[in-house]
Amino acid sequence: MEALNQFFNWLNGIVWGVPMIVLIIGTGLYLQLRLGFMPIRKVAYGFRMILKSRRPGRAAEGEITPYAALMTALSATIGTGNIAGVATAIAVGGPGALFWMWVTAFVGMATKYAEVVVAVKYREVDDKGEHAGGPMFAIKNGLGKHWQWLGTAFAIFGGLAGFGIGNMVQANGIASAVENAFGIETWISGIVMTVLTGAVILGGIKRIGAVAEKVVPFMAIFYLVCVAAVLVVFAGNIPQAIATIFTQAFSPTAATGGFLGSTVLMAIRMGVARGIFSNEAGLGTAGIAQAAGSTANPVFSGVIGMMGTFIDTIIVCTLTGLAIMVSGVWASGETGAVLSSAAFEAALPGYGNYLVTISLALFAFTTILGWAYYAEKCWEYLIGTVSAIPFRIVWTVAVFFGATLSLDFAWLVADTLNALMAIPNLISLLLLSPVIAQLTRDYFAEERARAGVALQSQG
């Protein structure tokens, strides 16, 4: 076990090193340039399309609405990374890490957009009559048989990573937080989560989507209200906190209090790694969910999909980071969810810890549901639809073990597999970028033409 731990520590250092940072940021920046910064320019348009996506268009094909697909994707991305991940990034990389999370998100919007566009463009209908898509199908149908090994590699990494990042790690986070806050033993939490997980995922994507579109908006609003309370209490510290984030993004973070200090490279590495862990831009997962959405155009789905990155990181992660900064606890030496709890407790004594625990439990549980679909589609690609029911049973059982076992090693493996998923996905996006750019130009040309016709008819 010690040898395995050393191996994955070594591998993790490589896959999350400078080359991976360059690949992730570089791919996102290249796609932003190729798209004329459309994902950033069209943020307001994206929010309008989210509202429109509650009802599919006339020519739409898919199992759930694009809105439900977005909520499914958000259920997977808004998880422990938004609470524990942001705290860890700041605790290890310093306040400047939050700036690099923003950078990752802004270039990641283009990456997420591209992932969804190709996922919907190259999706298939399986033998159950359901739409299936994602990086593996985009590689298979977009790049051809000579690249099919790359799609297989993604499916293997994604199918395995799901049990770590999307299942056992999340269940462990819930069980540990509930035990610390309420004294409920982990096996009890494990049983409850196992039953709830089985009740949802055994119904497939339609039931997952139905639950996600009801639970995700509620949990997001609940958490944002809690964070707002912290920011109101420490409102006077907000300008200084923002200035510190920008200053320490480009200069070494000195040791202070319980904080041991950090280099600029560590701030960048933690910001990028935790940013990807949170919003999953570059992993290709959102495309798997959006490929099930009922849509008549891949670009429409892509615009909705890219908003997931904006909501996850620019809104939710930013507010978590600001809460930690303004409360003054960031240099305490704590890390993870404990640091986030300390920030809430500083503002809301006696209640803060419970609010973070409830938020963490909601975030992590919905992540288990969203990732169940991602991993299922990876195994379906490798084995076929016959794997669906056995997979759902194994996934449900794994939740209990995740809640009751020590998972330090699982965290390490999950982080490594995240990077290994990103590599084939990012390569395929670079190779398919001409297709993505052409589809985008065609879509917005049609939008402008429709707008012109509408103006003429009004005149």
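A cavity is a set of grid points where a 1.4 Å probe fits but cannot get out. This tour of a predicted model begins with such a space and then moves to a pocket, the salt bridges, the cysteines and a few single residues.

**Stop 1: the cavity**

The structure holds 1 cavity of 30 Å³ or more, and its volume is about 60 Å³. To find the cavity, select its lining: Ala-76, Thr-77, Gly-79, Thr-80, Gly-81, Ile-165, Gln-170, Phe-277, Ser-278, Glu-280, Thr-367 and Trp-371. Colour the selection by class and it divides into 4 nonpolar, 7 polar and 1 charged. Next, show the helices α5 (66-77), α6 (80-93), α9 (148-182), α13 (264-279) and α17 (352-383), each of which supplies at least two residues of this lining.

Stay with Glu-280, one of the lining residues. Glu-280 sits in the loop between α13 and α14 (285-290). Its phi is positive, about 65°, although the residue is not a glycine. Glu-280 has a relative accessible area of 2%, so it counts as buried.

**Stop 2: the largest pocket**

Now select Ala-84, Gly-336, Ala-337, Val-338 and Leu-360, which lie nearest the centre of the largest pocket among its 24 lining residues. The elements giving two or more residues to that lining are α6, α9, α13, α16 (336-347) and α17. Which of them gives the most to the lining? That is α9, with 6 residues. The pocket has a volume of about 550 Å³, and its lining has 9 nonpolar, 13 polar and 2 charged residues.

**Stop 3: salt bridges**

Side chains of opposite charge can pair when their charged atoms come close. The structure holds 4 salt bridges.

Select Lys-140 and Glu-124, whose side chains meet at 3.0 Å, N to O. Lys-140 is in helix α8 (residues 135-143) and Glu-124 in strand β1 (residues 124-125), so this pair ties together parts 16 residues apart in sequence. Are these two side chains buried or exposed? Lys-140 is partly exposed, at 28% relative accessibility, and Glu-124 is partly exposed too, at 24%.

Move to Asp-126 and Lys-377, which form a salt bridge of 3.6 Å, N to O. This pair links distant parts of the chain, 251 residues apart: Asp-126 is in the loop between β1 and β2 (131-132), and Lys-377 is in helix α17. Both residues are buried. Add Glu-380 to the selection to see a network of salt bridges that links Asp-126, Lys-377 and Glu-380.

Then select Arg-392 and Glu-376, a salt bridge whose closest N and O atoms are 2.9 Å apart. Arg-392 belongs to helix α18 and Glu-376 to helix α17, so the pair joins parts that are 16 residues apart in sequence. Arg-392 and Glu-376 are both buried.

**Stop 4: cysteines**

How many disulfides are there? The count comes to 0. Select Cys-226: the nearest cysteine sulfur, that of Cys-317, is 16 Å away. Cys-226 is buried, at 7% relative accessibility. Cys-378 is also buried, with a relative accessible area of 2%.

**Stop 5: single residues**

Select Phe-37, in the loop between α2 (18-34) and α3 (38-41). Phe-37 has a positive phi, near 60°, and is not a glycine. At 36% relative accessibility, Phe-37 is partly exposed.

Finish at Gly-402 in helix α18 (residues 388-404). Gly-402 is buried, with a relative accessible area of 0%. From there, draw a line to Ala-445: the two residues are 43 apart in sequence and 49 Å apart in space, C-alpha to C-alpha.

Conventions:
Residues are numbered from 1 along each chain as its sequence is written. This is a predicted model: local features need pLDDT of at least 70, side-chain atom pairs count only at pLDDT 80 or more; totals for chains, interfaces and linings use all residues. Side-chain values use heavy atoms; hydrogens and water are left out. On a 1 Å grid over the protein atoms alone, a cavity is a set of points where a 1.4 Å probe fits but cannot get out, and a pocket is an open set with protein on both sides within 12 Å along at least five of seven lines; lining residues have an atom within 4 Å of a point. Grid points are joined across faces, edges and corners, and a volume is the space filled by probe spheres set on the points. Helices (H or I, at least four residues) and strands (E, at least two) are DSSP runs, numbered from the N terminus. Ala, Val, Leu, Ile, Met, Phe, Trp, Tyr, Cys and Pro count as nonpolar, Asp, Glu, Lys and Arg as charged, and the others, Gly among them, as polar. Buried means under 20% relative accessible area, exposed over 50%, partly exposed in between (1.4 Å probe, protein chains only). A disulfide is a pair of cysteine sulfur atoms within 2.5 Å.
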